[in-house]
Amino acid sequence: MPDFVDEAVLHVKAGNGGHGCASVHREKFKPLGGPDGGNGGRGGDIVLEVDTQTATLLDYQRRPHRTAENGTPGQGGHRAGANGEHMVLTVPDGTVVTRTDGEVIADLVGHGTRLVLAQGGNGGLGNAALASKKRKAPGFALKGEEGEAVDVRLEMKTIADVGLVGFPSAGKSSLIAAMSAARPKIADYPFTTLIPNLGVVEAGTVQYVIADVPGLIPGASDGKGLGLEFLRHIERCSTLLHVLDCATFEPGRDPVTDLEALEAELAAYGEQTGVDLSDRPRVVALNKVDVPDARELADMVRPMLEERGYKVMELSAASREGLRELSYALGEQVAAARQSEPAAEPTRIVLRPKLIGDTPFEVVPLGNNTFRVRGDKPARWVRQTDFSNDEAVGYLAERLNRLGIEAALAKAGATQGAEVRIGTEEDSVVFDWDDSLDAEVVPSGPRGTDARLG
């Protein structure tokens, strides 16, 4: 298995909330001292965090299933259960998180940036928190909620300022090694570069990152070669450096035709992905001019390329000729791109509260005296209910009645014995509705310290 992986599918499951405890305080001469069952602990979240020291998604390809810690149940004596530990998964800078249907969830850029990918389930309330004036000693507690389960795709897009584009064996790896401290694998055969390589270059007061990706060949957009698979790593680059081999002896190849072929593949990549690279500034490097015939060819084609609007540099990665001029030319392009970017704004938390009076549920007639109740709140209440306890079921009926579901069912045309389904089609709880029973409405009492349990 390769050491570098830039795509992975991740299946995560946040921790479940612990169940609440139903307990009655007992001590000598005080056998019924009131309810003292504690709340269950909250399940741990699954969190993605950018770490600049992480350079691959290999670990998630090897172990794609991750589960956070569950909350522990509450106990008697008003002892709340412990919260589950959050699971923090580090990802490389520039990781794009998408759902399996292609919807982008987040683009994680910058060291320390965090995303809560799956939230842990809330702990169930103990009977101490459920006590009220009308129900002084509840004999039941609420169950903990399940944590969220999410399937996502992680795609790494390297953060670099300059992207090197060229044919295999054009000298890109030698160039990045000569300009920076990067030490990529270099050999005299095609496709030596199998993974993107990054190097840091200093040009005066400007410091920038250059990225070397596997070489492109004609037909890469149709699946040939390796380059197109890695072109995502230059999507964020502000400048593209075309490295052209002036010393190649392959028939039908010269710097001008190579450049045209490279531009054609970049355009094809843009058509496939929707990422337009045509507006990125280009610099053309005529490489290997230390070879006599190559220098003559470079002198011949340079005016032709300059007429097309390209900034052209002649250089040799082997003899280091022209590298200083190239580094400063790229530095000027990067500095200009940075100045043109809008000022970065601090990340803000946007709260979008629900509208006042917004209906928390919906009653949908299904025909044949059957109805489905949709809504997060009633579905959550059903999941929290222990149906083996009659008192807990009665408490659920009271909550649903207070929410207005009884009235909504009557208004929707439900009659005696109607089948009522609460939840989604895949996960529903079915009730038989009895319109002759008017559930006693119990005034709302304290609901514990976790307001999200409502």
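Which residue follows helix 5, and what is the sign of its phi? Helix 5 is followed by Gly274, and the phi of Gly274 is positive, near 80 degrees. That is a handy place to enter this predicted model, since helix 5 leads on to much of what follows.

**The whole chain**

Let's step back for a moment. The protein is built from ten helices and 18 strands. Of its 454 residues, 48% are buried. If you take the contacts between residues at least 6 apart in sequence, 71% of them join residues at least 24 apart.

**Helix 5 from end to end**

Helix 5 covers residues 255-273. With 19 residues at 1.5 Å a residue, helix 5 should span 27 Å, and its end C-alpha atoms are indeed 27 Å apart, so the expected and modelled spans agree. At the N-terminal end, Asp254 acts as the cap: one of its side-chain oxygens lies 2.9 Å from the backbone nitrogen of Val256. The buried residues of the helix include Pro255, Val256, Leu259, Leu262, Leu266 and Ala268. Charged residues are on that list too, among them Asp258, Glu263 and Glu265.

**Two crossovers around strand 13**

Now to the strands on either side of the helix. Strand 12, helix 5 and strand 13 form a β-α-β unit, and its hand is right-handed. Strands 12 and 13 run parallel and are joined by six bridges. In this pairing, Leu244 has Leu286 of strand 13 as its bridge partner.

Strand 13 also pairs with strand 14 (residues 311-314), again in parallel, through four bridges. Here Val284 stands opposite Val312 of strand 14. To get from strand 13 to strand 14 the chain passes through helix 6, and this β-α-β crossover is right-handed.

With a partner strand on each side, how many of the six residues of strand 13 are buried? Six of the six are, so to speak, under cover: the strand is mostly covered. Arg282, Val284 and Leu286 point one way, while Val283, Ala285 and Asn287 point the other way, and all are buried.

**The largest nonpolar core**

Which members of the largest nonpolar core touch the most other members? Among its 28 residues, they are Ile234, Leu244, Val284, Leu286 and Leu305. Strand 12 (239-245), helix 5, strand 13 (282-287) and helix 6 (292-307) each supply at least two residues of this core. Helix 5 gives the most, with five residues.

Leu286 is a good residue to click on. Setting aside residues up to four places away in sequence, Leu286 touches Leu244, Cys246 and Pro255, as well as Ala298, Val301, Arg302 and Leu305, and also Val312, Met313, Glu314 and Leu315.

**Asp245, a buried acid**

Asp245 is found in strand 12. Is this residue buried or exposed? Its relative accessible area is 6%, and below the 20% cut-off a residue counts as buried, so Asp245 is buried. The side chain of Asp245 reaches two polar partners, listed here.

| Side chain of | Partner | Distance |
|---|---|---|
| Asp245 | backbone nitrogen of Ala247 | 2.8 Å |
| Asp245 | side chain of Lys288 | 3.2 Å |

Leaving aside neighbours within four places in sequence, Asp245 is in contact with Ser169, Ala170, Arg253, Pro255, Asn287 and Lys288.

**Further along the chain**

Two residues other than glycine are worth a look for their backbone angles. Arg320 has a positive phi, near 70 degrees, and lies in the loop between strand 14 and helix 7 (323-340). Asn368 has a positive phi of about 55 degrees and sits in the loop between strand 15 (362-367) and strand 16 (370-374). Asn368 is exposed, with a relative accessible area of 79%.

Finally, have a look at Gly423, found in strand 17 (residues 418-423). At 12% relative accessibility, Gly423 counts as buried. The C-alpha atoms of Gly423 and Arg383 are separated by 9.5 Å, although the two residues are 40 residues apart along the chain. Beyond its neighbours within four places in sequence, Gly423 is in contact with Arg372, Val373 and Ser428.

Technical notes: Residues are numbered from 1 along each chain as its sequence is written. Side-chain values use heavy atoms; hydrogens and water are left out. A nonpolar core is a set of buried Ala, Val, Leu, Ile, Met, Phe, Trp, Tyr and Cys residues joined through side-chain atoms within 4.5 Å. Buried means under 20% relative accessible area, exposed over 50%, partly exposed in between (1.4 Å probe, protein chains only). Contact means heavy atoms within 4.5 Å. The expected span of a helix is 1.5 Å times one less than its number of residues. A polar contact is a pair of N or O atoms within 3.5 Å; within protein, one must be able to donate a hydrogen and the other to accept it, and residues adjacent in sequence count only if both atoms are side-chain atoms. Two strands pair if DSSP finds at least two bridges between them. A crossover is right-handed if, with the strands pointing away from the viewer, the path from the first strand over the helix to the second runs clockwise.
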